[in-house]
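Student: I've got a model open and I'd like to go through the labels people put on it. Can we take them one at a time?

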Amino acid sequence: MKGAGEWGTVEIRRPTPADVDRVFEIEQQSFARPWDREAFELLAACRGDYNWDVVTYYLRVAVEGAEVIGYVAWRVDRQSREGQVDNIAVSAEWRRKGIGTRLLRLALRLMKEDSAMSCVLQVRESNRAAQALYRKMGMTPVGRVPEYYGDEDALVYGIDLDSI
Ligand SMILES: CC(C)(COP(=O)(O)OP(=O)(O)OC[C@H]1O[C@@H](n2cnc3c(N)ncnc32)[C@H](O)[C@@H]1OP(=O)(O)O)[C@@H](O)C(=O)NCCC(=O)NCCS
């Protein structure tokens with residue numbers, strides 16, 4: 001899955017256990033409340049597709065050469081036919097180069113191919129960069145969860161996957 005253009009050497013692929021150190025480093029660099037390392041270990045151990053009843057959890061990594069520079073995690077509930085982006089981050093020195101766009105586009109396409117008809121995600125109200133990315137992808141604000149992050153509200157963004 002190579003992209004065209006200036007960053008055409010960046011590839012998005014399934015994770016391996018060897019990727020976890022770098023993924024977790026980016027996670028810690030990117031979030032005040034990072035996921036547990038074990039979550040990435042679990043997803044990497046099954047090459048990025050983890051099935052739990054009617055839900056499948058996915059992880060894909062963006063790599064430049066041997067270096068992991070970003071990742072996206074999402075889930076699909078095949079009963080409700082809803083997808084959710086659970087996590088997306090790009091290493092600080094690789095931001096604003098279209099990597100987040102490619103990761104999100106791939107996640108939306110693959111959740112649609114799975115069975116999802118729509119996708120939602122939560123984002124900190126103060127996270128302008130991520131919200132700009134989501135709006136650019138055609139997502140719109142559809143709700144708010146008060147104090148979702150404890151210290152801050154979440155905005156809920158959604159998209160009808162028919163539109164992609
Ligand atoms: C959000 C994030 C994943 C975006 O990744 P990215 O690779 O920089 O995104 P892209 O380069 O594809 O940007 C796409 C568009 O999003 C918007 N955008 C991205 N970063 C932005 C910023 N800092 N300020 C304003 N707009 C921004 C722009 O419209 C941009 O298009 P442009 O560069 O042509 O103007 C990245 O900033 C990140 O890892 N942040 C920390 C983790 C995080 O907050 N994740 C989201 C949790 S909900």
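Tutor: Sure, burial comes first. A residue is buried if 20 or more other C-beta atoms lie within 10 Å of its own, exposed if 12 or fewer, and partly exposed in between, with C-beta atoms placed from the backbone. Two ground rules as well. This is a predicted model, where local features need pLDDT of at least 70 and side-chain atom pairs count only at pLDDT 80 or more, while totals for chains, interfaces and linings use all residues. Numbering runs from 1 along each chain as its sequence is written.

Student: Why is Arg96 called exposed?

Tutor: Arg96 has 8 other C-beta atoms within 10 Å, so it is exposed. Arg96 sits in the loop between E5 and H3. Those labels come from DSSP: runs of H or I with at least four residues are helices, runs of E with at least two are strands, and numbering starts at the N terminus.

Student: What makes the phi of Arg96 worth a remark?

Tutor: Most residues other than glycine have a negative phi. Arg96 is not a glycine, yet its phi is positive, about 65°. Asp53 is another non-glycine with a positive phi, about 60°. Asp53 belongs to the loop between strand E2 (49-52) and strand E3 (55-64), and it is exposed because 8 other C-beta atoms lie within 10 Å.

Student: How do you know whether Arg102 is buried or exposed?

Tutor: Count again: Arg102 has 20 C-beta neighbours inside 10 Å, so it counts as buried. Arg102 is in helix H3. Its C-alpha is 8.9 Å from that of Ala62, although the two are 40 residues apart along the chain.

Student: And what makes Arg95 partly exposed?

Tutor: With 15 other C-beta atoms within 10 Å, Arg95 falls in between, so partly exposed is its label. Arg95 is in the loop between E5 and H3, and 9.2 Å separates its C-alpha from that of Ile69, 26 residues away along the chain. Arg13, in strand E1 (residues 10-13), has 14 C-beta neighbours inside 10 Å and therefore also counts as partly exposed.

Student: Which residues are closest to the ligand, and how many surround it?

Tutor: There are 19 around it, and the closest are Arg95, Gly100, Thr101, Ala129 and Ala132. Being near here takes a C-beta atom, placed from the backbone, within 6 Å of the molecule. Strand E5 (82-90), helix H3 (99-114) and helix H4 (128-136) each give two or more residues to that shell, and H4 gives the most, with 6 residues.

Student: How do the residues of that shell divide by class?

Tutor: Into 9 nonpolar, 5 polar and 5 charged. Nonpolar covers Ala, Val, Leu, Ile, Met, Phe, Trp, Tyr, Cys and Pro; charged covers Asp, Glu, Lys and Arg; the others, Gly among them, are polar.

Student: Last one: why is H1 called oblique to H2?

Tutor: The axes of H1 (residues 20-30) and H2 (residues 37-45) come within 10 Å and cross at roughly 140°. That crossing makes H1 oblique to H2: under 35 degrees would be roughly parallel, over 145 roughly antiparallel, 65 to 115 roughly perpendicular, and the rest is oblique. The axes are lines fitted to C-alpha atoms over the stretch in contact, with angles from 0 to 180 degrees between N-to-C directions.

Student: Which residues of H1 and H2 meet?

Tutor: Val20, Val23 and Phe24 in H1 meet Arg37, Phe40, Glu41 and Ala44 in H2, where contact takes C-beta atoms, placed from the backbone, within 7 Å. By class, that contact has 5 nonpolar, no polar and 2 charged residues.

Note on methods:
Contact = placed C-beta atoms within 7 Å.
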